[in-house]
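Subject: Structure handover

Hello,

Here is the structure I said I would pass on. My notes on it follow below.

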Amino acid sequence: MKHTLLFILAFLLFRGPHDTLHAQTQTDGIMMPKGDFCVAVMAENGTWDQYWEGTRLIKNDNIGTLSRLTVMPMIAYGITNRIMVLAQLPWVKTKASGGQMAGVQGFQDLGLAIKGNLFSRDIGKGTLHIFATGEYALPATNYLSDYMPFSLGLGAHQITARAMVHYRWDMGLYLRGMGGHIWRTYTRIERDYYYKDGSYYSEWMDVPNAVHAQAVAGYYFLNDLLQLELQYTLLHATDGDDIRTWNPAQPTNRMNMDLVGGSLRFYAPGQLAGLSVIAGYQHTVAGRNVGQTSALFGGITYQFNILNR
Amino acid sequence: MKKLHILWIFLAMTAVWAGCRKELLTEASYSDYIYASIDENGGTWTTTLINAPADIPIPAPEATGSASYQAELATLRSQTTGLTQAQKNQVAYWTNNPLLRWNEIANELAAKYNLIPPPNPDGTYTLPNPANPGAFPNFPFAHPPYTCRMLAYLSTAQFDGLITAWHYKFQYGRPAPYKTDPAITPAYKDNPLPSYPSDGAVIATVSEAILGAMFPLEKEYLAGLAADHIASLTWAGVAVASDIEAGKTIGQAIGQAALARAAGDGMSKAQTPKPVSDSIKNAAKDKYGWQWDNQESPVRPVGLTPLFGNVRTWNLPSVELTRPPVPPAPGTPEFEEAAKELKDYQKNLTEEQRKIANWWSDGLGTYTPPGHWNRFAKDVIIKYQLNPLRSARVMAYMNQAIQDAGISCWDAKYHYHYPRPIQAIPGFKTILGTPNFPAYTSGHSTFSAAAADVLSYLFPEETATFKAWAEEAAISRVYGGIHYRFDAEAGLTQGRQVAAYTLEKARQDGAD
């Protein structure tokens, strides 16, 4: 039962260059049983004081430290034992410690996802699972994507497809690999001329697609009450231009990031079963056209079955 | 298990959706058209850079019946047949109003070079060096003063070049090659313009000369464009070799005249050393009791082109004529009212106001407000199907007025040296970056009012639109938090006053 609780976690899909709340829910190794409902709130505070202008890591005292707070409510439901659906809506607030540019706040993108268990079998001293997920996300408000690095998100519709292979040994160790692709549409900006290796006479910017990959190692301790996980994550655009000298970033940029992170999660026992808390940290170890973000995140989840009540 | 199909459907939709691509324009979408007028007397219009077309002697062409001309026609016949797709694309790209393409190329280069020098690791700044343009930061930094001047020289030279071409076209009256040789089919709409000298060759040559001087690192790129353009004239069947050679002669001569003026117009002294900049600042402080200071980190020691106000104007006799009245001193009720308006916008900016601020922002990395108005002019020229000479006239007068407006505005900016809102209002935040020069008057407002007045004279049916755009451009800076309302309003007035001098010239140039 507690394994199923694993399910609800941060589920923000790297939809901005600044978002580091990882896509754990969609990329974790567990399904939720039929009739299970889960509600959760996750929060993350990410900051950076250096960013990559193209591939060059620089400081800009007119930004100082950029901070990005994300609060993300989400819900999920097990349709069958092998299919579940999720919805999430992050609220984001940005600000800079230097310069005079105003930060912004508001709801970012509504994400709707489906996750399927394609394969599960006991193999050796553990169990192998294969999962696939698909997500559709769209801007929930008329936020301006062309206001980097403050903008709430990329302002584009996104479709994401992922596949995961997850193996858990009975003794508690697990390994997981994930590969995915993010297709992004255009984002509407508030001007009709911009430069992207040449002139563009359009109110639309083509937001680059991206590949998403993750390697995870984790372990359950204390009779499955405590879960430790380490992640290495890649999010790389498949094309795009570089930030030009001393210019702000724009949604057409090739934004890449490599993240290293870890999280610890506690599942409440006994009377409080169904409740869990999680906390973690993530750091950008390499990047292009993004901030070198370090982020602390935490959250609380509650899972219950509506069919059994 | 059946419900797993949902997942597959979802993934299939993904593939379909990825196939929906938008076409994003990278250039104006227009093709050749029938000119609204031919302007047979265009050769009599007033020139700016030369006294008169006769300054550039062009010999009479060989008669159409001559053996040499017949040989040229034969060559052209072969050049116009069996074109490759790439050659056809060139013909379609340049059209029969290639002046607009060169204007667009100029705008693109402005956007490419509108990059502000970043600070060095030790907190100092290095400025672009025209003597070594390839050193970092590259020359030029195509900021609004630089860009407005570049566009003014480009379009003034194009205009003088085409007046000269028109002069000889109608003096010599050599018909277009396809009029003499029915075996040649022009790629463009037929028109009765004599073809000697080739107007296309004038435009290509003079544009290459001006832009090559303004963007020295692009000389090779521009030479390639000019060569393509000139070759396209033969592929299109609209000019023989001697038409093109005569056009090149005019283009080169006008290019030299324009660059000679540019060399002595004072622009090279506009970006001052710090002691000069400080003395300008102190003069304002002594006279008015306030001063503008750059608010960036690290602080830029000198504002942008403090002496651009001294640069030679085109039609404005003196910047004193259009210098606006003294702005309200910080701390006065009039100032506080303007500051309160800004704070209110900061708190309660509507999405519409935000869009207006961004729409007109035209900041770093863009073609600047002068470029924005050139883009409008290009669109309206296409709408009214002007011939290249008329098009050049629009661009020349508009860009002369825009540069004069910029010079007048910069005179006011550094005469009054008025602080920006982020300096004068504690804790104030903006949604646009504050530029590195004083507030009063607003450059956007001044440029835009001047451009709108010239365009309104030339396209009277569009007056209401141009006026509304100029006013929107002006208020956009207030919404963006980087100008007070009085900066914008004074700038609009100043721009209109400046434009009046250009209009005075336009009314008397013989075209209307």
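In what sense do strand β10 (residues 158-169) and β11 of chain A pair, and over how many bridges? They pair in the antiparallel sense, over 11 bridges. Please keep in mind that this is a predicted model.

Chain A: β11 and its neighbours

β10(A) and β11(A) make a hairpin with 3 residues between the two strands. In the turn, A:G172 has a positive phi of about 120°. Across the hairpin, A:R168 stands opposite A:Y174 in β11(A).

β11(A) covers residues 173-184 and has two faces. A:Y174, A:R176, A:M178, A:G180, A:I182 and A:R184 are on the covered face, while A:L173, A:L175, A:G177, A:G179, A:H181 and A:W183 are on the uncovered one. In a regular strand the side chains alternate between the two faces of the sheet.

β11(A) also pairs with strand β16 (residues 210-221) of chain A, with 10 bridges and an antiparallel run. There, A:G177 stands opposite A:A215 in β16(A).

Chain A: β6 and its neighbours

Strand β6 of chain A spans residues 91-96, and its side chains alternate. A:V92, A:T94 and A:A96 point to one face and are buried; A:W91, A:K93 and A:K95 point to the other and are not.

Strand β4 (residues 66-78) of chain A pairs with β6(A) in the antiparallel sense over 6 bridges, and A:L66 has A:A96 as its bridge partner in β6(A). β6(A) and β7(A) are antiparallel too, joined by 3 bridges. In that pairing, the partner of A:W91 is A:F107 in β7(A).

Chain A as a whole

Chain A has 309 residues, of which 61% are buried. Its secondary structure comes to 2 helices and 20 strands. Of the contacts in chain A between residues at least 6 apart in sequence, 64% join residues at least 24 apart.

One residue to look at is A:L138, in strand β9 (residues 126-139) of chain A. Is A:L138 buried or partly exposed? A:L138 counts as partly exposed because its relative accessible area is 25%, and buried would mean under 20%. Apart from neighbours within four places in sequence, A:L138 is in contact with A:Q108, A:D109, A:L110 and A:H157. The C-alpha atoms of A:L138 and A:N62 are 31 Å apart, with their positions 76 residues apart along the chain.

Chain B: domains

The domain assignment of chain B gives domain 1 (83-263) and domain 2 (271-507). Their centres, taken over C-alpha atoms, are separated by 28 Å. In contact across the two are 37 residues of domain 1 of chain B and 43 residues of domain 2 of chain B.

Pocket and cavities

The second largest pocket holds about 610 Å³ of space. It is lined by 30 residues, and the closest to its centre are A:G103, A:V104, B:L349, B:R354 and B:I431. The elements that each supply at least two lining residues are β7 (105-107) of chain A and, from chain B, α11 (333-348), α12 (351-359) and α17 (463-479). α11(B) gives the most, with 5 residues. By class, the lining of this pocket has 13 nonpolar, 13 polar and 4 charged residues.

A search of the whole structure finds 3 cavities of 30 Å³ or more. The largest cavity has about 240 Å³ of space. Of its 19 lining residues, B:Y35, B:N191, B:D199, B:G200 and B:V238 are the closest to its centre. The lining of the largest cavity has 10 nonpolar, 6 polar and 3 charged residues.

Backbone points to check

Two peptide bonds are cis. The bond from A:M148 to A:P149 has omega near 5°, and A:P149 lies in the loop between β9 and β10 of chain A. The bond from B:F139 to B:P140 has omega near -5°, and B:P140 is in the loop between α4 (98-113) and α5 (144-172) of chain B.

In chain B, B:D362 is a residue other than glycine with a positive phi, near 45°. B:D362 lies in the loop between α12 and α13 (368-384) of chain B and counts as buried because its relative accessibility is 11%. B:T368, not a glycine either, has a positive phi of about 65°. B:T368 is found in helix α13 of chain B, and at 0% relative accessibility B:T368 counts as buried.

Regards

Definitions and conventions:
Residues are numbered from 1 along each chain as its sequence is written. Chains are lettered from A and ligands numbered from 1 in the order in which they are written. This is a predicted model: local features need pLDDT of at least 70, side-chain atom pairs count only at pLDDT 80 or more; totals for chains, interfaces and linings use all residues. Side-chain values use heavy atoms; hydrogens and water are left out. Buried means under 20% relative accessible area, exposed over 50%, partly exposed in between (1.4 Å probe, protein chains only). Helices (H or I, at least four residues) and strands (E, at least two) are DSSP runs, numbered from the N terminus. Two strands pair if DSSP finds at least two bridges between them. On a 1 Å grid over the protein atoms alone, a cavity is a set of points where a 1.4 Å probe fits but cannot get out, and a pocket is an open set with protein on both sides within 12 Å along at least five of seven lines; lining residues have an atom within 4 Å of a point. Grid points are joined across faces, edges and corners, and a volume is the space filled by probe spheres set on the points. Ala, Val, Leu, Ile, Met, Phe, Trp, Tyr, Cys and Pro count as nonpolar, Asp, Glu, Lys and Arg as charged, and the others, Gly among them, as polar. Domain bounds come from an automatic or database domain assignment. Contact means heavy atoms within 4.5 Å.
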